[in-house]
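The report below introduces a single chain to a reader who has not met it before. Please keep the sequence and the structure in view while reading.

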Amino acid sequence: MKPSTILVVDDERRYRELLEMDLSRRGYRVLLAGDGLRALDLVEQGSLDLVVLDLRLPDMDGYEVCRRIRELSSVPVIMLTARAEEQDKVRGLRAGADDYVTKPFSAEELLARVEAVLRRSEGAHAAGTATFEHDGLRIDFDERHVSVGGREVELTASEYRLLSELVLNAGRVMVHDELLHRVWGTGYEGASELLHTAIRRLRRKIEADPGSPRYIVTKRGIGYVLPKDA
């Protein structure tokens, strides 16, 4: 089986080398970048399975790098940051990050996050063996293509997982913590603002009128549902 390729982006050489050593020991193929432009060049070349991205870089911050990555690819992104405030996590999610690890962190913590993000990304692909199509919304799970009214929609990895969970559970109200756990994993239960931000961003991409959605309907105080008769 071909090993997953992980790009580590950090301006501190000791962190890059430490992460390269830890990830390589787990069997991953590791690429390194010390700044945002080099990272974007490697992303553009393709064939990446995950990006581990530090927030502080010499040429641009991690948020900007993540936004530019999202213009090029849906590859999952884990952000490394010394900040643990909710508003910073929300900002990262808005930029397209899939997970956060706060410095200082242990090797086991980072490896667990990497494995979880890769598992969710691979699982979302493997779980789909058919095509969902209803009222203009179409998802090809095998190819991970999403379109609305024949127009292809570019989604980040977490946006795709979020939409997939709602589609695969069409007609059932999914509560906030269930969606947070399924899409972002353990430790995000209760992070409602992260979910609300992702829902708003997803609606802007797939709804004709995000203010009056027909695909992703809010059940106030409970969660969200994609109606079977959407």
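What is the mean pLDDT of the chain, and what share of its residues reach 70 or more? This is a predicted model, and the mean pLDDT of the chain is 86, with 93% of its residues reaching 70 or more. Among the elements of the chain, strand E1, which covers residues 5-9, has the highest mean pLDDT at 97, whereas helix H4, which covers residues 86-95, has the lowest at 73. Where pLDDT is low, the predicted coordinates should not be read in detail.

**The sheet**

The strands form an open sheet of 5, with parallel pairing and in the order E2-E1-E3-E4-E5. Because strand E2 (29-33) and strand E5 stand at the edges and have a single partner strand each, one side of each is left without a neighbour in the sheet. From one strand to the next, the twist averages 20°. At the E5 edge, strand E4 (residues 77-81) pairs with E5 in the parallel sense over 4 bridges, and Asp99 in E5 is the bridge partner of Ile78.

**An aromatic pair**

The structure holds 1 aromatic pair. Its members are Tyr15 and Phe105, whose rings are tilted, with 6.2 Å from centre to centre and 40° between the planes. Since Tyr15 belongs to helix H1 (residues 13-25) and Phe105 to the loop between strand E5 (99-102) and helix H5 (107-127), the pair ties together parts that are 90 residues apart in sequence. Tyr15 counts as buried, with a relative accessibility of 14%, and Phe105 is buried as well, at 18% relative accessible area. Tyr15 has a further neighbour in Lys103, which lies over the face of its ring at 4.0 Å from the ring centre.

**Arg70 and its contacts**

Which residues offer a backbone oxygen to the side chain of Arg70? Arg70 is found in helix H3, which covers residues 62-72, and Arg70 is buried because its relative accessible area of 16% falls under the 20% cut-off. The table gives the distances from a polar atom of the Arg70 side chain to the two backbone oxygens.

| Backbone oxygen | Distance to a polar atom of the Arg70 side chain |
|---|---|
| Ser73 | 2.9 Å |
| Val75 | 2.7 Å |

The side chain of Arg70 thus has a polar atom at 2.9 Å from the backbone oxygen of Ser73 and a polar atom at 2.7 Å from that of Val75.

Terms used
Residues are numbered from 1 along each chain as its sequence is written. This is a predicted model: local features need pLDDT of at least 70, side-chain atom pairs count only at pLDDT 80 or more; totals for chains, interfaces and linings use all residues. Side-chain values use heavy atoms; hydrogens and water are left out. pLDDT is the predictor's confidence in each residue, from 0 to 100. Helices (H or I, at least four residues) and strands (E, at least two) are DSSP runs, numbered from the N terminus. Rings of Phe, Tyr and Trp (its six-membered ring) pair if their centres lie within 6.5 Å; planes under 30 degrees apart count as stacked, over 60 as edge-to-face and the rest as tilted. Buried means under 20% relative accessible area, exposed over 50%, partly exposed in between (1.4 Å probe, protein chains only). A charge sits over a ring if NZ of Lys or CZ of Arg is within 6 Å of the ring centre and within 35 degrees of the ring normal. Two strands pair if DSSP finds at least two bridges between them. Axes are lines fitted to C-alpha atoms, for helices over the stretch in contact, and angles run from 0 to 180 degrees between N-to-C directions. A polar contact is a pair of N or O atoms within 3.5 Å; within protein, one must be able to donate a hydrogen and the other to accept it, and residues adjacent in sequence count only if both atoms are side-chain atoms.
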